[in-house]
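This report looks at charged side chains and at the pairs they form. The sequence and the structure are shown first.

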Amino acid sequence: MALTILSCNKSKPEDSLKNIDQENPAFTKSKLESEAEIKRTYCYLNEQPYKDDASKKDVLELILNITGKNVEGFYNWRPALKDQRKGSIRGTMEDNVVTANYIFTQEGREDSTSLKIILNDKEAVIEGGDTALGLNAIVTRTDCR
């Protein structure tokens, strides 16, 4: 007399893969890899109205788009009655400090310099460039529009 025993595995192949992923962390994304994919935008703005005419104001704005350690954005100074300075920022961030190259146009000519931007919950502290350019500033964090 021969006895045959058959066994049936009812799980699907995909279920087996899920179990492998859960059991072996090498198959899952690390927390750092997940954070690197998150894009964050931070906005900073100072507005200085004129004393004799509140409709006129000088505006200093900084907008940073951060994905992982990569940073891109804009740093603009738009005075009401003078030539404006508008430019782009590209760099990296480590421990809330952005090290970036700033390419800008002011008074009809293009220039570039290195900037260090220290970020905290309330403001951005911008340092760098020739002091005559007036790039150093503290800009207040605001909601992005």
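What follows describes salt bridges and one charged residue in a strand of this predicted model.

Side chains of opposite charge can pair when their charged atoms come close. In this model the count comes to 8 salt bridges, and the table gives three of them, including their closest N to O distances.

| Salt bridge | N to O distance |
|---|---|
| Glu 47 and Lys 57 | 3.7 Å |
| Lys 69 and Glu 94 | 3.0 Å |
| Arg 109 and Asp 111 | 3.4 Å |

Because Glu 47 lies in strand E1 (residues 39-49) and Lys 57 in strand E2, their salt bridge ties together parts that are 10 residues apart in sequence. Glu 47 is partly exposed at 37% relative accessible area, and Lys 57 is likewise partly exposed, at 34%. Lys 69, in the loop between E2 and strand E3 (70-78), pairs with Glu 94 in strand E4 (residues 85-94), so this salt bridge ties together parts that are 25 residues apart in sequence. Here Lys 69 counts as exposed at 51% relative accessibility, whereas Glu 94 counts as partly exposed at 44%.

In the pair of Arg 109 and Asp 111, Arg 109 is exposed with a relative accessible area of 54%, while Asp 111 is partly exposed with 27%. Salt bridges that share partners also join Glu 47, Lys 57 and Arg 145 into one network.

Glu 61 is placed in strand E2 (residues 57-67) and counts as buried, because its relative accessibility is 17% and buried means under 20%. A polar contact of 3.5 Å joins its side chain to that of Arg 78. Beyond its neighbours within four places in sequence, Glu 61 is in contact with residues including Tyr 44, Leu 45 and Phe 74.

Note on methods. Residues are numbered from 1 along each chain as its sequence is written. This is a predicted model: local features need pLDDT of at least 70, side-chain atom pairs count only at pLDDT 80 or more; totals for chains, interfaces and linings use all residues. Side-chain values use heavy atoms; hydrogens and water are left out. Helices (H or I, at least four residues) and strands (E, at least two) are DSSP runs, numbered from the N terminus. Buried means under 20% relative accessible area, exposed over 50%, partly exposed in between (1.4 Å probe, protein chains only). A polar contact is a pair of N or O atoms within 3.5 Å; within protein, one must be able to donate a hydrogen and the other to accept it, and residues adjacent in sequence count only if both atoms are side-chain atoms. Contact means heavy atoms within 4.5 Å. A salt bridge is a side-chain nitrogen of Lys or Arg within 4 Å of a carboxyl oxygen of Asp or Glu.
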